[in-house]
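Please walk through this model with attention to how its strands, helices and charged side chains are arranged. The explanation that follows begins with the terms on which the description rests.

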Amino acid sequence: MTQTVAVLGTGKIGEALLSGMIRAGWRPADLLVTTRRSERAQELHTRYGVESVSNAEAAKAADIVILAVKPQDMGKLLDELAPHVGADRLVISAAAGITTTFIEERLTEGTPVVRVMPNTPVLVDEGMSVISAGSHATGAHLTTTEEIFGGVGKTLRVPESQQDAATALSGSGPAYFYFLVEAMTDAGILLGLPRAQAHDLIVQAAIGAAVMLRDSGEHPVKLREAVTSPAGTTISAIRELENHGVRAALIAALEAARDRSRELASGNG
């Protein structure tokens, strides 16, 4: 790798990207980070051998600038970066709800911007990062972004108009599964199992089901039907899920998440 990359806002997601890039072959000497606290900067230097600089210094030196700050901090950060980021740089945003237009309007005309919505499993290299090009980003810019985020999971290109839907499904998606595991664990306790055993049973069932979905290529209906024997335990449980409107509740929940993403993107935080 011959380009210099700066990660601005090296929290959990930023550090996961940093770690993934180093494992993928980026040299620590080609990576810069920015942090709010000096002790955090020292921690990252000790762990990865990267240099911590100011936002302005990072913008001046880097070929690729990754914005990994919170959405509410983006406007102030862009004002700070604008004098130093030319149209020859690639700017990648990993902030939820921030559009490429919002960023482009605050930087030099023609600056290529790519919007990415990662999810928290990037912390264990099993993330899904949804990638969209701004008005000046090329296929090469998207490929570079995929190389960076591919180190911590899978990537998927979508038109930016689909980012709110992707946020609802993928960005927020892990929380739905945690919620389901929490509820199933409580059910296991109600049925007489110790919490630790109920947790282990459910987590392994979730891992196994996910791997089968990924590797079998089968539709989830077929996989579910393979577990659902006539007049058996599973169909009794499925009937109760349908009676309680779980499917409809999930659809409504994802619609609510999409709508909230749209609100954030329009500045109604």
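Helices (H or I, at least four residues) and strands (E, at least two) are taken as DSSP runs and numbered from the N terminus. What is shown is a predicted model, in which local features need pLDDT of at least 70 and side-chain atom pairs count only at pLDDT 80 or more, while totals for chains, interfaces and linings use all residues. Residues are numbered from 1 along each chain as its sequence is written, and side-chain values use heavy atoms, with hydrogens and water left out.

The sheet offers a starting point. Its 8 strands form an open arrangement in the order E3-E2-E1-E4-E5-E6-E7-E8, with mixed pairing, where two strands pair if DSSP finds at least two bridges between them. Strand E3 (51-52) and strand E8 (153-157) are the edge strands, each of which pairs on one side only. Strand E7 (residues 127-133) and E8 run parallel and are joined by 5 bridges; within this pairing, Val-130 has Leu-156 of E8 as its bridge partner.

Helices pack against this framework. Helix H1 (residues 12-23) lies across strand E1 (5-8), strand E2 (31-34) and strand E4 (64-67), and runs at about 170° to E2, the axes being lines fitted to C-alpha atoms, for helices over the stretch in contact, with angles from 0 to 180 degrees between N-to-C directions. Contact here means heavy atoms within 4.5 Å. Helix H6 (residues 139-149) contains Thr-145, which at 0% relative accessibility counts as buried, given that buried means under 20% relative accessible area, exposed over 50%, and partly exposed in between (1.4 Å probe, protein chains only). Leaving aside residues up to four places away in sequence, Thr-145 touches Leu-90, Ile-92, Val-114, Val-116 and Ile-131.

The charged side chains come next. A search of the whole structure finds 20 salt bridges, each defined as a side-chain nitrogen of Lys or Arg within 4 Å of a carboxyl oxygen of Asp or Glu. One of them joins Asp-73 to Arg-36, with the closest N and O atoms 2.9 Å apart. This pair links distant parts of the chain, 37 residues apart, since Asp-73 sits in the loop between E4 and helix H4 (74-81) and Arg-36 in the loop between E2 and helix H2 (38-48). Asp-73 is partly exposed at 25% relative accessible area, whereas Arg-36, at 78%, counts as exposed.

Another salt bridge is formed by Glu-160 and Arg-115 (3.0 Å, N to O). Here too distant parts of the chain are linked, 45 residues apart, with Glu-160 in the loop between E8 and helix H7 (163-171) and Arg-115 in strand E6 (residues 113-117). Arg-115 is buried, with a relative accessible area of 5%. Elsewhere, salt bridges that share partners join Glu-15, Arg-40, Glu-43 and Arg-47 into one network.

Two loop residues have a notable backbone angle. Asp-125, in the loop between E6 and E7, has a positive phi of about 60° although it is not a glycine, and with 33% relative accessibility it counts as partly exposed. Ala-231 likewise has a positive phi of about 60° without being a glycine; this residue is found in the loop between helix H10 (220-227) and H11, and is exposed, with a relative accessible area of 82%.
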